[in-house]
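Trainee: Could you take me on a close look at the aromatic rings in this one? I'd like to see how they sit together.

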Amino acid sequence: IMDLRTDIWRKHVLVVEDIVDTGSTLAYLRKLLSSRGPASLRSCVFLRKPARSREDVTIDYLGFDIPDAWVVGYGLDFNDRHRALPYVGVVEPSDAGEAE
């Protein structure tokens with residue numbers, strides 16, 4: 001809904017993502033931002049789920065590859081819970097059913 005507030009023409013741009021699941025969002029952002037003429041366009045991703053990938057998207061800086069599981073902590077949440085955990089944890093399927 002909201003566009004950039006700054007012109008990125010000839011500027012170095014770093015897209016920072018918490019998690020890449022299918023890759024669709026990052027692929028969209030890279031295409032959109034590259035059309036605006038940045039000097040460079042790089043991406044930094046904390047967590048990636050290779051098993052769920054549907055897009056061949058370039059990740060320049062990657063923290064960790066993880067299995068296909070729902071993770072929480074460090075800003076990632078499940079039903080608005082667990083976002084403030086000081087670590088990354090996995091929500092088990094039995095936990096997910098109880099939270100809904």
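Mentor: Sure, let's go through the aromatic pairs and the strands around them. This is a predicted model, where local features need pLDDT of at least 70 and side-chain atom pairs count only at pLDDT 80 or more, while totals for chains, interfaces and linings use all residues. Residues are numbered from 1 along each chain as its sequence is written, and side-chain values use heavy atoms, with hydrogens and water left out.

A search of the whole structure turns up three aromatic pairs. (Rings of Phe, Tyr and Trp, the last by its six-membered ring, pair if their centres lie within 6.5 Å; planes under 30 degrees apart are stacked, over 60 edge-to-face, and the rest tilted.) One of them joins Phe46 and Tyr74 edge-to-face, at 6.0 Å centre to centre with 85° between the planes. Phe46 is in strand 2 and Tyr74 in the loop between strand 4 (70-72) and strand 5 (89-91), so this pair ties together parts 28 residues apart in sequence. (Strands, E, at least two residues, are DSSP runs numbered from the N terminus, and so are helices, H or I, at least four.) Phe46 is partly exposed at 29% relative accessibility, whereas Tyr74 is exposed at 54%. (Buried means under 20% relative accessible area, exposed over 50%, partly exposed in between, with a 1.4 Å probe and protein chains only.)

Now for Trp70 and Phe78: their ring centres are 5.6 Å apart and their planes at 85°, so this pair is edge-to-face. Trp70 is partly exposed at 47%, but Phe78 is buried at 10%.

Finally, Phe46 and Tyr74 share one aromatic cluster with Phe64.
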